[in-house]
Amino acid sequence: MSGLTSATSRINYVKEAAGEPYNIWTMVLFLSAAAYTQDWMPLVAGAALEATYLTVVPAMNAYRRLVERRAARQRQMLRRRQREELIRTFEPRDREMVEYLRFQKSKIYENYLKFTKLEKLPESIQCLDTMWEQFVDLLDVYRRRKTHLRSVNRNAIQNQIIQIERQMTTADVATRPLLEHNLDVLRRRLKTFDEIERSVRRVEAQLQAIENRFSLINDHIVTMTALDGAGATDLDFDELLANIEITKQILEESAPALSGLNLIESANYPESFQPSPRGRREQYE
């Protein structure tokens, strides 16, 4: 709700009203009349009408709702275009998963209309569009997080911890605090890595549950016996929505951990002194 409020608060209703085609063409007519008659009276009348229009229309609730619906449609179209561009960047396996779910969604719609003999899909069924879009967004976050984990060599961190622990047994008084600080950083990295790894596994299970839920809904519709659409009320969308919300919550909860891992890694290896990946692999493998 807060997101909707912030989006509508950014709308300049006066600017929207001024840009309406009928308003622009009205002003063009007044300018043309002034140019044709060589009289300034049409300009005065046009200016007075425009001032009244920009005062009254933007304040009307009906016009504001119209502008908000139009802005929502534009945002939706932009998100769809961006989402399709995002899908094209996916790896073949992820892209296949997304397209399979899109196919499942279309089959659900097709079978629902077929078995209920209805001409229009109810909103309770059309919510699958939103679910599919959220699945794509979640899959994008999941794959980027998994890619990040692959870039971190867990064994190398463990080997560094063992090496520093050995060095501390023979370190002098001046060197020991430095080794303790480095050891603390490495242990924090390892702990954060494990937390993100657990969240990735949970997210993967949730994504699979969402995918299987689409198939279950389709199976339910195919086996419906009611021809009036009443059987649709038996479809349990709450579980699928719960799966999506749980997945989003997992990602949100682990986001600080991922940021912390980046910060810890940057602090432990300043950019100007960071060893090359190849050199680190040779040292710790």
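This report walks through the fold, salt bridges, one buried lysine and a surface patch of a predicted model.

## Overall architecture

Let's start with the chain as a whole. The protein chain has 11 helices and 0 strands, and from the N terminus on its elements read α-α-α-α-α-α-α-α-α-α-α. Of its 285 residues, 35% are buried.

How do the contacts spread along the sequence? Taking contacts with a separation of 6 or more, 75% are between residues 24 or more positions apart. The accessible surface of the protein chain is about 18,100 Å², and carbon and sulfur atoms account for 55% of that surface.

## A salt bridge between two helices

Side chains of opposite charge can pair when their charged atoms come close. Searching the whole structure turns up 16 salt bridges. One of them joins E16 and R70, with 3.4 Å between the closest N and O atoms. E16 belongs to helix α2 (residues 13–18) and R70 to helix α5 (residues 61–88), so this pair ties together parts that lie 54 residues apart in sequence.

Are these two partners buried or exposed, or something in between? E16 has a relative accessible area of 32%, so it is partly exposed. R70, at 22% relative accessibility, also counts as partly exposed; the cut-off for buried is under 20%.

## Salt bridges within single helices

Two further pairs are worth a look, beginning with helix α6. There, the side chains of E110 and K107 form a salt bridge with an N to O distance of 3.7 Å. Both residues sit in helix α6, 3 residues apart, which is about one turn of the helix. E110 is partly exposed at a relative accessible area of 45%, and K107 counts as partly exposed at 24% relative accessibility.

In helix α9, R201 pairs with E197, and the closest N and O atoms of this salt bridge are 3.9 Å apart. R201 and E197 both lie within helix α9 (residues 176–222), 4 residues apart, again about one turn of the helix. R201 counts as partly exposed at 48% relative accessibility, and E197 counts as partly exposed at 29%. Returning to E16 and R70, salt bridges with shared partners join these two residues and E20 into one network.

## A buried lysine in helix α6

Now for K105, which is found in helix α6 (residues 92–116). Why does K105 count as buried? Its relative accessibility is 11%, and because buried means under 20% relative accessible area, a residue with that value falls in the buried class.

Which residues does K105 touch, leaving aside those up to four places away in sequence? Its contacts are L128, D129, W132 and F214.

## A nonpolar patch on the surface

The last stop is on the outside of the model. L31, W40, M41, L43 and V44 make up a nonpolar patch on the surface, and together they have about 520 Å² of accessible area. Which helix gives the most to the nonpolar patch? Helix α4 (residues 41–56) does, with 3 residues.

W40, another member of the patch, lies in the loop between α3 (21–37) and α4. At 57% relative accessibility, W40 counts as exposed, because the exposed class begins over 50%.

Notes
Residues are numbered from 1 along each chain as its sequence is written. This is a predicted model: local features need pLDDT of at least 70, side-chain atom pairs count only at pLDDT 80 or more; totals for chains, interfaces and linings use all residues. Side-chain values use heavy atoms; hydrogens and water are left out. Helices (H or I, at least four residues) and strands (E, at least two) are DSSP runs, numbered from the N terminus. Buried means under 20% relative accessible area, exposed over 50%, partly exposed in between (1.4 Å probe, protein chains only). Contact means heavy atoms within 4.5 Å. Patches are made of residues with over 30% relative accessible area and no salt bridge: like charges are joined within 9 Å, nonpolar side chains (Val, Leu, Ile, Met, Phe, Trp, Tyr) within 5 Å. Accessible areas come from the Shrake-Rupley method with a 1.4 Å probe; for residues, only the protein chains shown count as cover. A salt bridge is a side-chain nitrogen of Lys or Arg within 4 Å of a carboxyl oxygen of Asp or Glu.
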